[in-house]
Structure formats: C-alpha cells, structure tokens
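This report covers salt bridges and one helix packing in a single structure. Please look at the sequence and model first.

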Amino acid sequence: MKSKHSYSNVEKDALYRVIAERRDMRHFVNAPLEKGLLARLLTVANQAPSVGLMQPWRFIRITDQDLKIAIKERVETERKLTADLLDSRKSEFLKLKVEGILECAELLVVALPDGREKHLFGRRTMPDMDLASVSCAIQNMWLAARAEGIGLGWVSLFDPKQLATLLNMPEDSRPIAILCIGHVEKFYEKPMLVEQNWIKPIEVEQFLFENSWPKKNHS
Ligand SMILES: Cc1cc2nc3c(=O)[nH]c(=O)nc-3n(C[C@H](O)[C@H](O)[C@H](O)COP(=O)(O)O)c2cc1C
C-alpha cells in the first residue's frame with residue numbers, strides 16, 4: 001500500500017537522485033561559496049537526528065591559512081603511516097588523493113564536545129551513539145551540498161589527539177572529521193576509490209540476512 005504521506009514523484013526522484021549522486025570529493029576548484037550557503041549546510045546538519053536529542057556536533061570553521069597548512073601536515077603524516085601498513089598496496093594507496101584541504105573553499109573540523117557522559121539516554125550500553133549522531137549530521141550536509149552543486153569530502157586520516165591539541169579543544173572532546181567543501185569541476189561518476197580500482201562496491205543483497213547471522217562469515 002502506498003502511503004498517503006508520500007512526497008510527489010518529482011520530489012522523490014530528486015531525493016533519490018541526490019543520494020545516488022552524492023560523492024566524496026577531493027578535487028576542488030578555487031572559488032568561494034555563494035553567500036549564505038555555509039549557513040544552510042550548518043542548518044541542515046543541526047536538523048539531523050541525534051541520540052536523546054543531544055546534538056553532539058560542534059563545528060570549527062578553519063579560515064587561517066597557516067592552520068590549514070598545519071592540518072594538512074597532520075593528514076599527510078597519517079597518510080604515510082597508513083601507507084606503511086599496507087605492504088603490497090602501499091604505492092597504489094599513495095597515488096590516491098585523500099583530501100582537498102588547501103584547495104577547498106571552506107574547511108570545517110567536526111567534533112564531539114566534552115561533557116558527553118551526562119547524556120545517558122540511548123548511550124548507557126552504546127556510548128558511541130554520539131558518533132553515529134554526528135555522522136547523520138555530516139550526511140545531511142553532504143546531501144544538501146550535492147543538491148547545491150557543491151562538493152564535500154570527509155577526511156578521517158588524522159590522529160584525533162594531535163588535531164585536538166592543535167585546535168585547543170577541551171579534554172574529552174574529539175575531532176572526528178575534517179570536511180573539505182567547495183566548488184568542483186565535475187562530480188566523480190562513481191566513488192573515486194572505484195574509479196581508481198582501489199575497491200569494488202558490493203550489492204545490498206549480500207548484506208541482508210534473515211533471522212540470524214549466516215553460518216558462513218561475511219568479510
Ligand atoms: C567516516 C568516513 C571517513 C572517510 N574518510 C576519508 C578520508 O580520510 N579520505 C578520503 O579520501 N575519503 C574518506 N571518506 C570517503 C570514502 O572513501 C567514500 O565515502 C567512499 O569511497 C565511497 O565513495 P562516495 O562517498 O563517493 O560514494 C570517508 C568516508 C566516511 C563515511
């Protein structure tokens with residue numbers, strides 16, 4: 001039965017399209033964002049669901065060029081440390097572009113705040129639901145950015161302690177994402193890691209189980 005609350009077909013098509021065409025972007029062109037766009041992206045982030053409505057997202061807008069360079073250096077360090085663990089795929093990995101920190105129009109660090117322990121609703125057994133909530137906020141931004149024709153790249157190659165120190169963050173807070181946001185020449189048609197033959201995506205049927213975890217382990 002079709003729901004009477006459904007959006008129109010045109011509206012639904014737009015929603016499914018933006019979900020399918022959202023890409024993690026690492027190549028940006030040098031142009032500022034339209035006035036008010038960053039504020040719209042932050043508004044949709046703040047409309048995301050969060051465990052116990054704790055809104056555990058904090059955004060640090062990075063505008064200082066020296067700080068951008070320092071952040072890029074931290075990512076570069078982590079990229080090399082990751083590469084060292086990849087043995088036979090090391091050189092292949094090092095060819096992948098993993099961030100657009102110095103090219104993007106806007107750079108945000110998204111973080112979990114300190115004092116999260118007082119939020120117990122939905123987190124007593126699963127404290128990491130705060131992280132899940134911030135991910136929802138970032139996905140909202142990602143989708144809205146794509147609809148606006150703007151690229152967003154999520155960078156997680158960094159040591160959170162080092163980045164927290166660099167940004168004068170309080171003890172127990174935790175940076176979880178560096179977001180590169182900006183105009184792009186074109187959006188990748190497929191995930192860049194697929195285009196570059198790093199990995200192949202898997203169809204959802206292989207991730208759906210019924211009633212029990214299957215006997216044969218999934219990797
Ligand atoms: C939590 C998270 C962390 C990520 N960290 C990085 C990163 O550090 N560098 C990078 O290039 N891409 C990063 N990505 C992007 C993924 O590589 C990308 O989402 C995936 O390859 C699928 O591509 P698509 O987003 O274009 O569909 C991250 C994505 C997520 C959700």
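Is Glu 148 buried, partly exposed or exposed, by its relative accessibility? Glu 148 is partly exposed, because its relative accessibility is 35%; buried means under 20% relative accessible area, exposed over 50%, and partly exposed in between, with a 1.4 Å probe and protein chains only.

The model is predicted: local features need pLDDT of at least 70 and side-chain atom pairs count only at pLDDT 80 or more, while totals for chains, interfaces and linings use all residues. Residues are numbered from 1 along each chain as its sequence is written, and side-chain values use heavy atoms, with hydrogens and water left out.

**Salt bridges**

Side chains of opposite charge can pair when their charged atoms come close. A salt bridge here is a side-chain nitrogen of Lys or Arg within 4 Å of a carboxyl oxygen of Asp or Glu. The count by this rule is 14 salt bridges. Among them are the pairs in the table.

| Acidic residue | Basic residue | N to O distance |
|---|---|---|
| Glu 148 | Arg 40 | 3.0 Å |
| Glu 106 | Arg 61 | 2.8 Å |
| Glu 92 | Arg 89 | 2.8 Å |

Glu 148 pairs with Arg 40. Glu 148 lies in the loop between α5 (129-147) and β3 (151-155) and Arg 40 in helix α2 (residues 37-46), so this salt bridge ties together parts that are 108 residues apart in sequence. Helices (H or I, at least four residues) and strands (E, at least two) are DSSP runs, numbered from the N terminus. Arg 40 is partly exposed, at 35% relative accessibility.

Glu 106 pairs with Arg 61. This salt bridge also links distant parts of the chain, with Glu 106 in strand β2 (residues 106-112) and Arg 61 in strand β1 (residues 58-62), 45 residues apart. Glu 106 is buried at 11% relative accessibility, whereas Arg 61 is partly exposed at 48%.

In the third pair, Glu 92 is partly exposed at 30% relative accessibility, and Arg 89 is partly exposed with a relative accessible area of 29%. Elsewhere, a network of salt bridges links Arg 17, Glu 21 and Arg 146.

**Packing of α2 and α5**

The axes of α2 and α5 are 7 Å apart, and the helices pack at an angle of about 140°. Axes are lines fitted to C-alpha atoms, for helices over the stretch in contact, and angles run from 0 to 180 degrees between N-to-C directions. The two helices are therefore oblique to each other; angles under 35 degrees count as roughly parallel, over 145 as roughly antiparallel, 65 to 115 as roughly perpendicular and the rest as oblique.
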